[in-house]
Amino acid sequence: MVDRAGALTALVLGSAAGGGFPQWNCGCRLCALARAGDSRVRPATQASVAVSGDGQSWVVVGASPDLREQILRTPALQPRGGPRDSPITGAVLIGADVDALAGLLVLRERQRLDVFAPRPILELLAANQIFDVLDPALVRRIEVVPLEPMPCGGGVTLTMLPMPGKIPLYREDRAATQPEAGPTYAAKLEAQGRSVIIAPACAEITEEVWARLRADVVFFDGTLFRDDEMIVAGLGEKTGRRMGHVPVAGPGGTLDRLGDLPGRRIFLHINNTNPILLAGSPERSAVEAAGFEVAYDGMEVRP
Ligand SMILES: [Zn+2]
């Protein structure tokens, strides 16, 4: 195993958008290839990234419903001894969608843990009794003030970066008269002068967003390649931007806006309809030619 002591490390536990890849009920071309075991595509679980500054304790950014499976297949996150143990000391919540926080329920079982989240997400947890299954005597809920750095364990400093977002799908009807954005953040994690940003959702790359995306490595919203991808595929009625995700291609898209961003840029939170998942596709070639990488489950990055 790679020696991770004393260096900022990010492990991609899951790289896919909500639903995963293949998605259980999806018959799109790419899901069919993944289900058939085609070697040009890699199946992927829903987005979560584990980060450590010392290789000993880890914070998980984004708690996807696949977190149990992700932990089981990641040696660095398994118990080291004693009747109850985990190298996971914290969970950082940056979105309110099911695929961004349902994984918290996987982290029950009487384990000490710090949950870091901005106030709107803590309010959402407080309003949903099912999260009380996390024993408050062991699981601290810690409010993170956006843009104010704070330690989050493992020798890592956390800064929450607000991102343009949308309303979580399950609250859309209630909020229909008032279509304001729901809580959407990126997490910046720093240790020993190195930094990584995890930004799985961003509806628009504004000047403010552009200025905030400064890190050695930026994992960025790779949900859709084209804004109308879901509509064209007959899988939905909404554009990517309407769903809170700026497209990879097109005017104002990520290739256009982040083409000259310094540092490594890696697409994360990739929807199963996105042709960048297919090795050898023109879209995959286009992002690689532009200097972007495509995250995969198990990818290890040392900024
Ligand atoms: Zn699909």
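**Close-up 1. Pro-200 touches Ile-94, Asp-221, Thr-223, His-245, Leu-268 and His-269, even with its neighbours within four places in sequence left aside.** Like every view here, this one shows a predicted model. Where does Pro-200 sit? You'll find Pro-200 in the loop between β10 and α5. Pro-200 has a relative accessible area of 15%, and since anything under 20% counts as buried, this residue is buried. Now look for Ser-281, which is 81 residues away from Pro-200 along the chain. The C-alpha atoms of these two residues are separated by 23 Å.

**Close-up 2. Ser-195 is part of strand β10.** Is Ser-195 buried or exposed? Ser-195 comes out as buried, because its relative accessibility is 9% and the cut-off for buried is under 20%. Setting aside neighbours within four places in sequence, you can see what Ser-195 is in contact with: Leu-8, Lys-188, Leu-189, Glu-190, Arg-214, Ala-215, Asp-216, Val-217 and Pro-303.

**Close-up 3. Strand β11, residues 217–221, is mostly covered.** Go along β11 and you'll count five buried residues out of five. Two strands to look at here are β10 and β12. Strand β10 (residues 194–199) runs parallel to β11, and four bridges join the pair. One bridge to pick out is between Ile-198 and its partner in β11, Phe-219. To get from β10 to β11, the chain passes through helix α5 (residues 207–212), and this β-α-β crossover is right-handed. Strand β12 (residues 264–268) also runs parallel to β11, with five bridges joining them. Which residue in β12 is the bridge partner of Val-218? That would be Arg-265.

**Close-up 4. Seven strands make an open sheet in the order β7-β8-β9-β10-β11-β12-β13.** The pairing in this sheet is mixed. Which strands stand at the edges? They are β7 (150–151) and β13 (292–294); each has a single partner strand, so one side of each is left without a neighbour in the sheet. If you're wondering what holds strands side by side, they pair through backbone hydrogen bonds, either parallel or antiparallel.

**Close-up 5. Another open sheet of seven strands follows the order β6-β5-β4-β3-β2-β1-β14.** Mixed pairing turns up in this sheet too. Its edges are β6 and β14 (300–301), and because each has a single partner strand, one side of each has no neighbour in the sheet. For an antiparallel pair, check out β2 (residues 48–52) and β3 (residues 58–61), which share three bridges. Here Val-51 is opposite Val-59 in β3.

**Close-up 6. Strands β5 and β6 run parallel and are joined by five bridges.** Strand β5 covers residues 113–117, and β6 covers residues 139–143. One pair to find is Val-115 and its bridge partner in β6, Arg-141. Add helix α4 (residues 119–127) to β5 and β6, and you've got a β-α-β unit. Is that unit right-handed or left-handed? It's right-handed.

**Close-up 7. The zinc ion has Cys-26, Cys-28, Cys-31 and Asn-272 as its protein donors.** Each cysteine here offers its SG atom, while Asn-272 offers OD1. These donors lie 2.2 to 2.3 Å from the zinc ion. What is the geometry of the site? The site is tetrahedral, with angles of 101 to 115° among the four donor atoms. In sequence, the donor residues are spaced C-x1-C-x2-C-x240-N. How exposed are the cysteines? Cys-26 has a relative accessibility of 7%, so this residue counts as buried. Cys-28 is buried as well, with a relative accessible area of 13%.

**Close-up 8. Cys-202 is a buried cysteine.** Its relative accessible area is 0%, and under 20% is what it takes to be called buried. While you're thinking about cysteines, you may ask about disulfides. A disulfide is a covalent bond between the sulfur atoms of two cysteines. How many disulfides does the model have, if sulfur atoms must be within 2.5 Å? The count is zero.

Definitions and conventions:
Residues numbered from 1 in each chain as written. Predicted model: local features only at pLDDT ≥ 70, side-chain atom pairs only at ≥ 80, totals over all residues. Heavy atoms only, no water. Donors = N, O, S within 2.8 Å, 3.2 Å for Na, K, Ca; no water. Tetrahedral: all angles 85-135°; square planar, octahedral: opposite > 155°, others 65-115°. Buried < 20%, exposed > 50% of the residue type's maximum accessible area, 1.4 Å probe, protein only. Pairing = 2+ DSSP bridges. Right-handed = clockwise from strand over helix to strand, strands pointing away. Contact = heavy atoms within 4.5 Å. Disulfide = S-S within 2.5 Å.
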